[in-house]
Number of protein chains: 2
Amino acid sequence: MKKLLPAIMFSLCLTAFSQSVADYVNPFTGTDHMGHTYPGATVPFGMVQLSPDTDTVPYSTGAGYKKEVYAYCAGYQYSDNTICGFSHTHFSGTGHSDLGDFLLIPTTGPLKLNPGTKDNPDSGYRSRFSHERESASPGYYSVMLDDYGILAELTTTERVGVHRYTSHNQDDINLILDMSAGIYNYPGKNTWQFIRVENDTLVTGYRQTRGWARTRTMYFAMAFSKPLVHYGHENGEEIIYRGFYRKFNEKEDFPEMAGKDITAWFRFRMQAGEQLTVRVALSPVSTAGALNNLQTEAPRPDFDLVRLQAHERWNEELSRIQVEGSLKVKQNFYTSLYHTFLSPTIYMDVDGKYRGLDQNIHQAEGFTNYSTFSLWDTYRALHPLFTLVQQERTSSMIRSMLAHRKQSVHGILPVWSHHANENWCMTGYHAIPVIADAYLKGIGGFDAAEALEAMDASATYAGYDGIGEYMQYGYAPADLTGNSATKTLEYAYDDWCIARTAEKAGQRGLTGIYHRRARSFENIYDRSTGFMRPRLSDGSWQKEFDPLKTEGQGFIEGNAWNYSLYVPHDPAQLIAWAGGSMPFVRHLDSLFTMKLDEKHIEDSEDIDKRGIIGNYVHGNEPSHHVPYLYSFAGAPAKTQERVHQIMDALYQPTPGGLPGNDDCGQMSAWYIFSALGFYPVCPGSNEYVLGSPSVSRAEIRLENGKTFAIQAKGLSEKNIFVKKITLNGKPWSGLFIRHEDIMAGGEMVFEMSSKPAKIKVPESDLPGRSF
Amino acid sequence: MKKLLPAIMFSLCLTAFSQSVADYVNPFTGTDHMGHTYPGATVPFGMVQLSPDTDTVPYSTGAGYKKEVYAYCAGYQYSDNTICGFSHTHFSGTGHSDLGDFLLIPTTGPLKLNPGTKDNPDSGYRSRFSHERESASPGYYSVMLDDYGILAELTTTERVGVHRYTSHNQDDINLILDMSAGIYNYPGKNTWQFIRVENDTLVTGYRQTRGWARTRTMYFAMAFSKPLVHYGHENGEEIIYRGFYRKFNEKEDFPEMAGKDITAWFRFRMQAGEQLTVRVALSPVSTAGALNNLQTEAPRPDFDLVRLQAHERWNEELSRIQVEGSLKVKQNFYTSLYHTFLSPTIYMDVDGKYRGLDQNIHQAEGFTNYSTFSLWDTYRALHPLFTLVQQERTSSMIRSMLAHRKQSVHGILPVWSHHANENWCMTGYHAIPVIADAYLKGIGGFDAAEALEAMDASATYAGYDGIGEYMQYGYAPADLTGNSATKTLEYAYDDWCIARTAEKAGQRGLTGIYHRRARSFENIYDRSTGFMRPRLSDGSWQKEFDPLKTEGQGFIEGNAWNYSLYVPHDPAQLIAWAGGSMPFVRHLDSLFTMKLDEKHIEDSEDIDKRGIIGNYVHGNEPSHHVPYLYSFAGAPAKTQERVHQIMDALYQPTPGGLPGNDDCGQMSAWYIFSALGFYPVCPGSNEYVLGSPSVSRAEIRLENGKTFAIQAKGLSEKNIFVKKITLNGKPWSGLFIRHEDIMAGGEMVFEMSSKPAKIKVPESDLPGRSF
């Protein structure tokens with residue numbers, strides 16, 4: 001009996017909590033302004049993200065294009081009042097974008113095969129809607145399509161999107177399938193489209209696009225809960241000669257359609273109140289794969305069952321961390337946790353087949369293949385979060401990245417892995433910190449020797465993005481490569497991760513090489529200005545230099561002020577350069593308190609004002625660790641104050657409640673860590689720097705069966721400072737906690753206070769002193 | 001000892017013959033004018049047809065386009081004096097066309113990435129050449145590329161094309177790979193192209209086209225015998241936004257290329273006299289499949305070995321029929337046999353994987369999958385020939401057609417099966433006679449019940465090409481569907497084949513239904529004119545009616561004169577309608593002797609004058625059986641005379657030696673049968689109508705181990721009439737021979753004479769009296 005107790009207790013706890021945690025999630029959070037999240041239905045890390053698209057802004061190269069198309073990175077803008085339809089793939093929070101596969105919308109009345117416009121919705125198939133008749137919860141979304149009197153509900157399994165349309169009138173439904181609709185949909189993006197009406201309840205097909213992913217194909221199998229009575233399509237492109245006279249009217253009831261701009265329609269006779277359920281399975285492999293996914297995951301048109309399962313999946317996943325606190329905090333916390341469990345996404349059929357970077361079909365042996373690695377964003381906090389609460393998936397993600405590398409014609413790890421493509425977005429080789437961090441934390445399930453070899457290969461691929469020049473000069477010269485200062489800083493940190501990995505693996509040669517390379521940041525520190533600064537190949541500094549400016553200054557998504565603090569593996573050096581702790585703290589204070597003028601705010605890429613505090617840019621990622629740097633200078637109270645300021649000011653459980661792109665969960669992962677009271681300033685160090693919790697209590701259910709609890713005694717709006725910390729009842733003087741301390745289970749108690757604690761932290765208890 | 005004798009004797013015979021038969025083949029036959037054959041290298045039924053393309057005429061809809069693009073159906077015109085390069089797929093003898101995948105040409109000097117023009121070859125990569133420095137034999141082709149001083153030699157395995165380039169100068173070779181070059185290459189045909197430079201001796205990739213096959217992809221793996229030193233590409237299309245700033249110079253030495261109009265180049269340092277061998281494996285499945293094909297079929301760059309093997313394969317296959325006769329006859333015979341063994345083509349990887357009509361990857365279990373079924377042409381004589389000398393392949397071809405049907409969203413047998421596509425070309429459902437003929441002849445290896453079901457499904461697919469109307473009215477009404485008279489006649493014959501199949505399978509119901517349908521030809525016989533004539537749905541005849549005209553008269557590729565003789569399963573009815581044997585013979589005489597005016601000759605589709613004798617059009621297929629109809633009226637000498645006339649006048653072992661499109665071997669199969677002295681007027685009847693041999697002796701090596709010999713005693717230019725026939729020494733009074741008589745082995749001796757034999761043939765010995 002005794003042995004069973006923990007399991008029973010866990011089970012009881014789960015029951016107590018699990019009925020509720022998903023209810024704190026507001027999927028609309030981030031759908032207004034720049035969050036770039038989607039409100040639709042998905043399951044944790046699911047391959048299908050079934051969500052409404054409120055406009056189809058075609059990308060163009062005309063002036064002002066960017067802002068408009070940019071707003072629709074996830075297909076949905078909260079301020080819109082029409083919906084074009086529901087498509088099955090969406091990135092969560094990305095800046096640049098793609099996807100939006102297989103847009104479906106049920107319509108009544110005259111057949112309309114174009115989306116129409118915002119200003120004149122009646123000109124196309126789109127429908128007006130109102131937030132009053134719209135709702136969303138994890139795994140479920142519903143909206144009344146006012147123009148058609150149809151209630152649309154969405155839910156999903158991992159690979160199957162399920163739609164349920166309830167017709168309020170007795171009227172034919174024309175279900176529109178716009179194969180050409182998509183996100184970032186510039187002219188010529190659609191490469192090929194193919195549809196087969198297999199029988200009166202089953203349609204299969206695929207589409208190929210040349211977008212952010214240049215050579216991309218997605219397949220589907222779509223099943224109707226009742227037989228269609230009639231169907232057809234239009235091909236919007238100029239008709240191209242095929243070489244035989246017409247034997248069929250291919251436009252109606254002809255079961256094979258192919259071309260570059262196809263909009264199909266499927267007609268159903270509906271009684272008032274009757275429901276049409278449409279299951280759409282995706283596959284990266286083939287229509288046969290999609291059909292198998294359909295038959296395996298959603299064999300029957302049982303919307304309610306799928307919805308229930310989706311809800312349970314979310315509750316289960318979100319219950320990995322149990323928190324207590326104010327309603328707002330819980331909403332923020334679980335919405336953030338929800339966002340962190342959206343990406344990377346499963347990219348594999350139920351039988352383990354997936355499309356590789358080489359466009360061949362591969363079999364995943366012993367792992368789940370993932371795609372959507374927005375690594376420049378997510379290596380910072382999202383993947384470190386997974387090392388705590390998604391260790392099994394972390395192993396699979398690393399296996400996926402190693403498989404990507406094997407399939408890569410360049411022989412390197414992913415930069416931005418995107419549906420069997422490399423889209424090369426952003427700088428650095430940040431698969432490395434992700435793998436290094438997991439390896440150093442003892443997460444297995446992959447071949448460490450292969451991983452180290454892959455890291456070395458990636459860091460020495462001279463043809464890529466200035467790496468050759470970086471190796472030659474010790475920095476990326478500004479005259480030879482773009483964003484040179486950012487690259488130098490990021491490469492240096494990534495190299496430090498390789499050194500740490502090589503060290504643990506006992507590879508002395510590589511350890512030395514990469515520890516040397518990890519110092520490269522020193523080569524672009526300009527003592528005369530006190531900033532990191534782009535440097536030319538002749539050793540001189542780039543002349544034009546405005547440390548407040550983002551564009552054209554050798555940095556990307558950040559200015560010199562922010563980026564100069566980006567040496568995660570050696571803040572001590574930054575402090576030394578600043579002249580010691582006190583000047584460094586003052587320097588940080590300036591960052592948060594200075595006033596950035598309008599020009600420089602405008603110039604900050606990809607965010608709006610709401611993501612900026614002073615000159616501290618939280619809406620982009622490079623400074624996410626900065627509030628925690630105070631602690632390295634022995635000023636933890638400043639960290640505590642700043643993180644609360646950021647959490648309070650920049651995170652709301654509302655549509656406009658994100659300070660910038662969620663970036664596949666990085667923005668939210670920052671919140672999760674900060675709310676729990678610690679943050680991974682330097683992944684690969686096994687060290688989390690302590691901050692100040694915003695939850696009054698948290699329990700992290702670890703995959704090793706243990707629980708690590710956090711308690712913030714006396715926490716209130718005013719009591720945000722930490723007076724005293726104990727771990728398992730013993731005083732804890734350190735300003736950081738190690739990964740192993742957490743994995744051992746236990747309880748860390750923060751005693752909160754309204755005033756900064758005046759304590760002198762011993763040198764040895766400062767973070768970053770031990771690696 | 002005794003038991004071994006036949007095997008030894010066979011082996012000795014094979015040795016004696018096999019060193020020579022391939023030498024009688026002239027692959028240039030049909031490359032001038034309208035033959036539409038290619039002179040390049042292939043092996044029997046091979047997936048690779050590696051051949052020079054002498055021009056790249058883009059298809060356009062402008063006036064006069066057709067004739068010009070039409071001339072390049074197989075890529076090569078003998079009258080040209082430049083070569084654009086060597087591509088890996090070609091149809092043999094088709095009218096409409098496609099393919100021309102992966103055009104390679106080795107060049108020296110300045111890099112040129114467009115083909116240039118006939119008039120100004122120096123403006124592009126093409127080279128001048130001369131027939132004096134060009135040669136071809138089965139499985140081998142060579143030409144001197146005069147502009148570059150490079151000798152190009154080609155050979156193949158079933159799935160791998162092997163090039164050998166011998167450089168006469170010490171000069172870099174720029175090997176051009178034009179991914180956009182192709183046959184019938186109208187603007188927009190290229191859908192997508194993808195190339196990976198895997199390492200310095202291996203390149204993989206694929207291209208997708210939307211041509212005659214609408215949704216087509218072909219993959220390749222290309223291996224060089226020495227490392228390249230440099231490579232690059234141009235993309236001819238407008239550059240389309242991809243969403244990231246340039247991290248690479250993608251134009252040079254960047255190992256992944258993708259787009260819609262890519263021309264790549266690969267540079268090699270060459271010594272004078274040095275050879276570069278390039279192996280290009282194809283796959284319909286994937287680049288991984290292509291690589292496996294490469295490693296399996298041509299693991300080493302040994303051109304001479306592949307060439308020798310190809311030659312042996314051809315000798316082996318061509319030795320299935322051994323003939324004696326004049327040099328011209330032997331050349332005609334083996335060239336024809338060579339042409340009949342080019343199509344259908346293998347469409348499957350070495351591991352049995354192939355792409356199906358549903359675009360999914362399938363595994364061929366127990367058969368070889370074939371594509372390129374030009375059935376409207378080939379059901380007449382090519383497939384019947386295969387029932388004699390390619391029985392094993394016939395089983396596989398039928399399995400391939402049944403698989404196609406299973407994958408068909410229409411659920412019907414192929415019309416024109418074309419690389420995982422149905423191109424719907426021409427009329428009828430002529431997979432049926434092919435399957436019926438084989439089944440009735442006892443060829444197994446497929447499921448007869450499935451076959452009959454497939455036939456019935458195909459013949460009742462109402463939505464296709466007037467079938468519904470044909471079933472409703474008993475004929476295809478001219479006001480409801482095009483080429484109505486042709487369809488009625490062909491459907492009626494195909495239906496008779498189903499009836500025969502159902503009869504043998506013991507399916508009484510179907511037998512009755514289809515025997516009735518087989519009489520449908522009666523419904524369009526117009527007694528007032530004595531011709532088959534288009535009929536409207538109200539029962540009246542189409543008013544405009546010119547029995548000499550081809551266009552707009554309800555027929556395709558033939559006029560009423562020719563088509564009215566197309567009732568293969570009941571010539572007796574035609575004779576009766578004509579008023580008996582004598583008037584019927586006179587009617588046939590008129591056909592051969594009347595003078596067709598220029599207007600009507602021009603109007604005859606797809607051929608030139610050389611394919612016409614009087615009003616008998618041999619250059620198209622519908623009349624191929626007509627010379628043999630004399631025998632049905634008891635006038636065998638007329639048949640004997642006409643077939644010799646046709647063989648002598650219309651077949652030459654020279655570039656211009658074919659009377660029209662070879663049509664995937666049908667034109668050549670007519671010759672093979674006629675030269676052997678018999679012809680399958682009505683496949684499905686198991687009966688071959690006797691004619692007059694043009695070979696003095698032939699031995700058909702049957703797959704059952706037996707041999708059937710034909711001897712034409714006393715044959716000479718003048719002695720073309722048959723005086724007497726014996727089979728195995730016994731007099732043979734019949735004007736036909738049954739398939740089983742041939743399969744039993746033995747010897748048929750024709751005693752030849754310069755004068756028509758004046759014999760009265762008993763009614764029972766006329767062909768067509770027994771089915």
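Two residues are in contact if their C-beta atoms, placed from the backbone, lie within 7 Å. With that meaning of contact in hand, we can walk through this structure, which is a predicted model.

Begin by selecting helix α15 of chain B, residues 571-578, where B:P571, B:L574 and B:I575 are buried. These three residues cover an arc of only 100° around the helix axis, which means that they sit on the same side of α15(B). An α-helix has 3.6 residues a turn, so residues three or four places apart point the same way. Now add to the selection two helices of chain B, α16 (581-593) and α18 (629-632), which are among the elements that cover the buried residues of α15(B). Before leaving this region, click on B:G579, which follows α15(B) and has a positive phi, near 100°.

Next, move along chain B to strand β31, residues 697-701, and show it together with strand β18, residues 321-324; the two run antiparallel and are joined by four bridges. If you label B:V323, you will find B:A698 of β31(B) standing opposite. Strand β31(B) is also joined to β32(B), residues 707-713, by five bridges, and this pair runs antiparallel as well. Here the residues to label are B:R701 and, opposite it in β32(B), B:T707. The hairpin made by β31(B) and β32(B) has five residues between its strands, and in this hairpin B:G705 takes a positive phi near 95°.

Now bring both chains into view and select the residues where they meet: 42 residues of chain B are in contact with 43 residues of chain A. On the side of chain B that touches chain A, the elements giving two or more residues are β11 (190-199), β15 (256-259) and α3 (287-297) of chain B. Colour β11(B) separately, since the largest share of this side, six residues, comes from that strand. If you then colour this side of chain B by class, you should find 19 nonpolar, 14 polar and nine charged residues.

Finally, hide chain B and look at chain A as a whole, which has 21 helices and 36 strands. Its radius of gyration is 26 Å, close to the 28 Å that the globule rule gives for 771 residues, so chain A is as compact as a globular protein of that length. Along its principal axes, the C-alpha trace of chain A spans about 80 × 70 × 50 Å. Of the 771 residues in chain A, 61% are buried, and among the contacts in this chain with a separation of 6 or more, 70% are between residues 24 or more positions apart.

Conventions
Residues numbered from 1 in each chain as written. Chains lettered and ligands numbered in written order. Predicted model: local features only at pLDDT ≥ 70, side-chain atom pairs only at ≥ 80, totals over all residues. Nonpolar A, V, L, I, M, F, W, Y, C, P; charged D, E, K, R; others polar. Buried ≥ 20, exposed ≤ 12 C-beta atoms within 10 Å, placed from the backbone. Arc of directions from axis to C-beta. Pairing = 2+ DSSP bridges. Rg over C-alpha atoms; globule rule 2.2 N^0.38 Å.
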